[in-house]
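Me: I've got a model open on my screen and I'd like to talk it through with you. Can we take it one question at a time?

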Amino acid sequence: MNSRPGPHFSLAGRVAVVTGGASGIGRAIVDRFVAAGASVSVLDRRPGGFAHREVACVEADVSDEAAVASALESIRDLYGRLDIVVNNAGIQPLGVGFDELTGDLLDRTFAVNVKGVAYGIKHAGRLMELGGRIVNTGSFVGLTGIPGGAAYATSKAAVVHLTRLAAIEFASRGITVNCVCPGTIRTPAVTEIPDNPEIPFAEQRTPLGRLGEPEEIAAAFHFLASPEASYITGAILSVDGGIGAGWERYDTVPPANVVDGGWKDD
Ligand SMILES: NC(=O)c1ccc[n+]([C@@H]2O[C@H](COP(=O)([O-])OP(=O)(O)OC[C@H]3O[C@@H](n4cnc5c(N)ncnc54)[C@H](O)[C@@H]3O)[C@@H](O)[C@H]2O)c1
């Protein structure tokens with residue numbers, strides 16, 4: 001072998017789109033992709049104060065299929081290719097139990113978190129003529145149960161399954177599809193809730209003892225979007241400080257067969 005690998009995890013020459021890239025986790029992904037050499041565009045419903053010298057921002061709502069299709073098309077037309085799509089935009093209506101659950105909440109949560117990801121996958125698949133990478137944002141609550149998650153956690157469970165199904169359908173086109181499932185991350189969606197009880201709870205419950213930072217989530221997206229992840233598709237990667245690994249407490253006592261640290265058969 002005399003061909004030498006390029007710089008590790010380089011995204012040079014790649015054209016990337018990050019939905020929900022104007023804030024939080026998406027914003028950190030944008031910074032990371034730019035640093036790795038990609039041409040990055042943001043698709044966000046509220047670009048607000050988003051300003052990045054090297055990044056274009058398209059105002060669009062991911063629940064609107066025509067808007068997603070035309071935003072991705074215009075980015076593909078501008079750069080002549082589309083390589084990486086991160087379906088990250090999401091709303092997080094946690095803390096709403098079945099007793100309070102409404103059709104309105106279910107409709108909007110599924111419109112953004114499920115339809116939005118499905119449209120992103122569909123049109124990325126159509127426009128990635130040279131193969132590519134799709135990375136979706138799930139959540140640890142899409143993999144395990146929490147109270148008050150009927151709308152949100154269920155929508156994230158759907159994102160996990162959409163990932164697997166798209167990975168299967170797109171494999172022959174050279175497009176990989178993966179999902180990152182964050183734990184509780186220090187973003188405006190979490191920190192802007194006054195006295196949010198989720199913060200101390202997550203700090204106490206997460207094995208690593210703290211919230212995650214957006215940059216720690218962005219690192220996983222970068223890896224899955226990179227050439228080095230070429231043989232990974234349909235994977236669900238938890239980046240959650242260990243909160244998805246198990247319960248901090250489960251009350252048990254050893255049976256009578258455990259004697260002096262060994263096992264005594266009946
Ligand atoms: N922060 C966490 O603890 C956490 C944990 C697990 C998963 N997530 C997921 O990570 C993703 C990003 O969350 P965040 O914490 O960075 O939130 P955030 O609120 O800081 O950012 C979300 C971004 O998505 C955009 N957005 C929302 N609805 C949109 C729509 N319909 N169309 C286009 N853009 C839209 C917002 O304008 C915002 O810029 C979400 O999918 C969220 O569910 C977050």
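Me: Which residues are closest to the ligand?
Reply: Keep in mind that this is a predicted model. The ligand is surrounded by 29 residues. Among the elements, α1 (24-35), α3 (103-127) and α5 (188-191) each give two or more residues to that shell. The closest residues are G20, S23, G24, G90 and T187.

Me: How many residues of the shell around the ligand are charged?
Reply: Let's go class by class. The shell has 14 polar residues and 11 nonpolar ones. The charged residues in it number four.

Me: Which strands stand at the edges of the sheet?
Reply: Start with the strand order, which is β3-β2-β1-β4-β5-β6-β7 in an open sheet with parallel pairing. From one strand to the next, the twist averages 20 degrees. An edge strand has a single partner, so one side of it is left without a neighbour in the sheet. That applies to β3 (56-59) and β7.

Me: In β5, what is the bridge partner of N87?
Reply: β4 (residues 84-87) and β5 (residues 132-137) pair in the parallel sense, over four bridges. The partner of N87 in that pairing is N136.

Me: And in β2, what is the bridge partner of V15?
Reply: Here we're looking at β1 and β2 (residues 39-44), which run parallel and are joined by five bridges. V15 belongs to β1, on the side that also holds V17 and T19. Its bridge partner in β2 is S39.

Me: Why is β2 largely enclosed by the rest of the structure?
Reply: Check the two faces: S39, S41 and L43 are buried on one side, and V40, V42 and D44 are buried on the other. β2 is largely enclosed because the buried residues number six of the six.

Me: How many residues of β1 are buried?
Reply: Same approach, face by face. V15, V17 and T19 are buried on one side of β1, with A16 and V18 buried on the other. So the strand is mostly covered, and the buried count is five of five.

Me: Which residues have the most contacts inside the largest nonpolar core?
Reply: In soluble globular proteins, nonpolar side chains tend to be buried together. The largest nonpolar core here has 62 residues. One of its best-connected members, F221, is in contact with I29, V86, V135 and V180, leaving aside neighbours within four places in sequence. The residues with the most contacts inside the core are A16, I29 and F221.

Me: What angle does α7 make with β6?
Reply: First place the helix: α7 packs on the sheet and touches β1 (15-19), β4, β5, β6 and β7. Another helix, α4 (residues 152-170), lies across β5, β6 (175-182) and β7. For α7, the angle with the direction of β6 is about 165 degrees.

Me: Is I232 buried, partly exposed or exposed?
Reply: I232 is in the loop between α7 (214-225) and β7 (236-239). Not counting residues up to four places away in sequence, I232 touches T176, N178 and L224. Being buried takes 20 or more C-beta neighbours within 10 Å, and exposed means 12 or fewer. I232 has 15, so it counts as partly exposed.

Methods. Residues are numbered from 1 along each chain as its sequence is written. This is a predicted model: local features need pLDDT of at least 70, side-chain atom pairs count only at pLDDT 80 or more; totals for chains, interfaces and linings use all residues. Two residues are in contact if their C-beta atoms, placed from the backbone, lie within 7 Å. A residue is near a molecule or strand if its C-beta atom, placed from the backbone, lies within 6 Å of it. Ala, Val, Leu, Ile, Met, Phe, Trp, Tyr, Cys and Pro count as nonpolar, Asp, Glu, Lys and Arg as charged, and the others, Gly among them, as polar. Two strands pair if DSSP finds at least two bridges between them. Axes are lines fitted to C-alpha atoms, for helices over the stretch in contact, and angles run from 0 to 180 degrees between N-to-C directions. A nonpolar core is a set of buried Ala, Val, Leu, Ile, Met, Phe, Trp, Tyr and Cys residues joined through C-beta atoms within 7 Å.
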